[in-house]
Amino acid sequence: MKKSVRLVIVYFLCVVGFVGNLWADEVLLDEAMHHIRNGASREWSSFPVEAEAKEYVLGFDLERPDAMRLLTLLLEGTRQVWSLKLNGQALTKLPRDHNHFEWGLAIPEGLLKELDNVLEVTTEAEDSDDIRIGAVVLHDEVDLLVDEERAEALFAQRGYRRAVPVMQQEVSMGAIEAESGQAVPCRFTIIDEDTGALVFIGAESNQRIAVREGVVYSIDGTATIRLAGNAAHPRRYTVYCGRGFEYSLESTSIVIDGSEDDVKLSFSLKREVETPGLVACDTHLHTFEFDRHGDCSVEERIISAVGEGVELPISTGHDKHIDYAELAEQLGASNWCTPVVGCEVTTHLGHFNTFPVEVGATPAEHKLRTWDQIFQNIFATPGVQVCILNHARDVHRNYTPFAPEHFDRETGALSGGRKLSANAMELINSGAQKTDPMQLVHDWFALLKSGKRIAGVGSSDSHTVNYAIAGQARTYLECPDEDVSQLDLSAAVDSMLSGRSWVSLGLLTRLDFDPGGESVTVKVLGPGWTSANFVQVFLNGEEVKRFDLTESQGQKPGEKLSESLSLSDLGAKPGDFLCAVAMGPGIAGGEWMIQPPYQPDSPEFEPFVMGISPAVWVE
């Protein structure tokens with residue numbers, strides 16, 4: 001029932017053994033899902049106009065309070081900071097995550113009681129946040145998954161202790177590359193078929209795997225986990241296996257019913273997007289240890305990046321230089337990537353990712369107050385050649401670099417005579433999407449028309465293992481790629497500086513001159529699990545051609561479209577530039593969820609995939 005702005009649910013004399021999709025020895029406190037909103041307006045139009053309440057309060061009694069050691073619940077859309085209290089004691093903050101997932105934490109001993117227990121979930125955030133919460137369960141028999149020393153470190157990072165129920169069955173998973181038969185780093189995703197939620201997994205991160213709700217990244221293509229289910233209450237799961245954008249996404253359904261036979265799953269991943277001579281780069285990667293927000297350790301960062309097929313991961317700690325190379329070697333990840341030291345210089349006038357940085361160099365000063373000083377200081381950092389303007393339409397420290405008062409899109413000019421000395425800019429940041437996917441693309445076009453030669457960049461801005469997926473948005477750079485463990489960084493940098501950068505979020509778009517230079521060919525590439533709806537060709541920032549793909553074309557793995565266009569038919573002349581942009585529907589499921597905007601302009605949002613070619617200049 002609803003009382004004022006609090007959703008107050010009272011459940012008396014809970015008993016063990018509820019009939020449903022539960023684990024052994026547990027108490028179901030609240031079976032339903034509830035819509036909670038802290039603000040007056042909807043965050044997203046997919047939620048009802050009216051929420052049930054502004055906070056969640058659950059009262060309950062227990063027959064065996066001392067036996068209950070683990071709390072699990074379903075969550076969705078927790079973008080703001082929500083706090084969880086049990087019997088007046090603040091236990092933790094809920095994970096900040098748009099995904100739909102099953103989450104749990106260990107309950108401190110002696111906190112529960114027989115009568116008048118109260119669970120509260122509240123927020124002090126001012127920005128409106130629509131969340132769903134429910135399916136609250138207490139569990140009896142549990143295992144702590146890590147030794148005490150590691151548990152303390154994880155507690156400091158997450159703010160809560162993690163335990164799991166004693167589960168019924170082990171699931172062993174393995175992945176190989178179909179062509180070579182070689183085991184490869186990958187991502188396993190496990191989703192409950194009844195709820196659609198990423199599930200609570202019986203495993204912890206270590207030097208081989210990175211684990212979050214419903215997700216296991218593996219450095220060697222293998223992982224063993226435990227999943228819930230028994231004969232009385234079997235659970236059905238869909239298990240996905242992928243290796244990022246260039247590979248197939250395989251899946252299978254399993255039932256966990258408590259049988260004695262362990263489950264063994266084998267996946268064969270096919271390369272569906274050929275990228276010879278191009279390397280996959282993520283220019284924007286963070287960790288909790290060095291940036292103090294998010295949830296990702298350095299080990300997990302490396303494992304998750306190579307599990308998504310990122311070949312050139314660039315560490316960009318906030319005003320810090322972090323070298324992944326030694327740890328990548330210890331983990332065995334250096335066989336799959338060439339780590340690069342970079343930095344996100346977080347000034348009062350914008351954030352700038354810079355690379356490469358010489359190991360041991362002092363970070364650029366981030367408190368300077370003019371752009372001239374900022375850029376001079378950035379390029380004085382030993383080794384730095386690339387400077388990327390990050391998320392130019394986002395607000396940080398009350399400043400938005402490309403807000404209308406600072407940037408004139410008609411002329412590509414900046415106010416106050418400021419000069420943009422960055423040589424690249426983010427067009428897609430999959431961890432900080434824009435409501436209008438073309439907004440930053442048109443800003444880029446304006447700069448190009450004004451005479452500024454600047455490369456387009458795609459990046460993840462990932463601080464987490466799964467909320468913002470490493471390498472989901474990425475940049476492809478020209479570089480010999482026969483041995484990704486020893487990539488020629490100078491070639492990759494030259495590709496970026498010359499504007500030969502391909503921006504990818506689930507699609508890859510190419511625009512190349514044909515022999516003779518009188519025509520160009522437009523190609524759209526992508527795996528079979530992303531789809532392209534159309535591709536637009538722009539001349540000096542204005543659309544001059546559009547191709548609509550049929551459903552079968554758009555879903556085709558590999559090359560989805562290839563069309564040749566005459567420059568004369570397009571009206572292109574020397575000094576003009578061309579660019580092709582492909583788009584399609586995004587992925588809303590937990591297998592590779594496209595996150596909604598970080599700073600939305602509207603409650604309306606349709607997930608999308610996108611591929612942006614370099615700007616090709618007519619000589």
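What volume does the largest cavity have? In this predicted model, the volume of the largest cavity is about 100 Å³. Sixteen is the size of its lining: of these 16 residues, Leu427, Ile428, Asn429, Lys434 and Leu440 are the closest to the centre. Three elements, namely β29 (424-429), α6 (439-449) and β39 (608-612), each supply at least two residues of that lining. Strand β29 gives the most, with three residues. In chemical character, the lining of the largest cavity divides into eight nonpolar, four polar and four charged residues.

The structure holds six cavities of 30 Å³ or more. The second largest cavity contains about 60 Å³ of space. Its lining is made up of Arg187, Gly242, Arg243, Gly244, Leu249, Glu308, Trp529, Glu591 and Trp592. Here the division is three nonpolar, two polar and four charged residues.

Attention turns next to the charged side chains. The structure holds 20 salt bridges, and several of them can be followed in some detail. The side chains of Arg393 and Asp443 meet in one such bridge, with an N to O distance of 2.8 Å. Arg393 belongs to the loop between β26 (386-389) and β27 (407-408), while Asp443 sits in helix α6, so this salt bridge ties together parts that are 50 residues apart in sequence. Helix α6 is also one of the elements that supply at least two residues of the lining of the largest cavity. Are the two partners buried or exposed? Arg393 is buried, with a relative accessible area of 17%, and Asp443 counts as buried at 0% relative accessibility.

A second salt bridge joins the side chains of Glu76 and Arg132, at 3.7 Å from N to O. Because Glu76 lies in strand β5 (residues 70-78) and Arg132 in strand β10 (residues 130-139), the pair ties together parts that are 56 residues apart in sequence. Glu76 counts as partly exposed, at 22% relative accessibility, and Arg132 is likewise partly exposed, at 24%.

Glu559 and Lys523 form a further salt bridge, in which the closest N and O atoms are 3.7 Å apart. Strand β37 (residues 558-566) carries Glu559 and strand β34 (residues 519-526) carries Lys523, so the contact ties together parts that are 36 residues apart in sequence. With a relative accessibility of 36%, Glu559 counts as partly exposed; Lys523 is partly exposed too, with a relative accessible area of 29%. Beyond these pairs, Glu478, Arg500, Arg510 and Asp512 are linked in a network of salt bridges.

The β structure offers a sheet worth tracing by eye. How many strands form the open sheet that contains β14 and β18? Five strands form it, in the order β15-β16-β14-β18-β19, with antiparallel pairing. Its edge strands are β15 (209-212) and β19 (250-256), each of which pairs on one side only. From one strand to the next, the twist averages 20°. Within the sheet, strand β14 (residues 186-192) and strand β18 (residues 235-242) pair in the antiparallel sense over six bridges. Ile191 stands opposite Thr238, a residue of β18. In general, the strands of a sheet pair through backbone hydrogen bonds, in either a parallel or an antiparallel way. The sheet can also be related to the cavities: Arg187, within the span of β14 (residues 186-192), and Gly242, within that of β18 (residues 235-242), both appear in the lining of the second largest cavity.

Helix α3 (residues 298-307) gives a clear case of burial. Ten of its ten residues are buried, so the helix is largely enclosed by the rest of the structure. The buried residues of α3 are Val298, Glu299, Glu300, Arg301, Ile302, Ile303, Ser304, Ala305, Val306 and Gly307. The helix is followed by Gly309, whose phi is positive, near 80°. Glu308 is among the residues that line the second largest cavity.

Finally, one residue from the N-terminal part of the numbering may serve as a landmark. Asp25 is found in the loop between β2 (6-14) and β3 (26-37). Its relative accessible area of 33% makes Asp25 partly exposed. Asp25 and Pro276 are 251 residues apart along the chain, and their C-alpha atoms are separated by 54 Å.

Conventions. Residues numbered from 1 in each chain as written. Predicted model: local features only at pLDDT ≥ 70, side-chain atom pairs only at ≥ 80, totals over all residues. Heavy atoms only, no water. 1 Å grid on protein atoms, 1.4 Å probe; cavity = no way out; pocket = protein on both sides within 12 Å on 5 of 7 lines; lining within 4 Å. Points joined across faces, edges and corners; volume = space filled by probe spheres on them. Helix = DSSP H or I, 4+ residues; strand = E, 2+ residues; numbered from the N terminus. Nonpolar A, V, L, I, M, F, W, Y, C, P; charged D, E, K, R; others polar. Salt bridge = Lys/Arg side-chain N within 4 Å of Asp/Glu carboxyl O. Buried < 20%, exposed > 50% of the residue type's maximum accessible area, 1.4 Å probe, protein only. Pairing = 2+ DSSP bridges. Axes fitted to C-alpha atoms, helices over the stretch in contact; angles between N-to-C directions.
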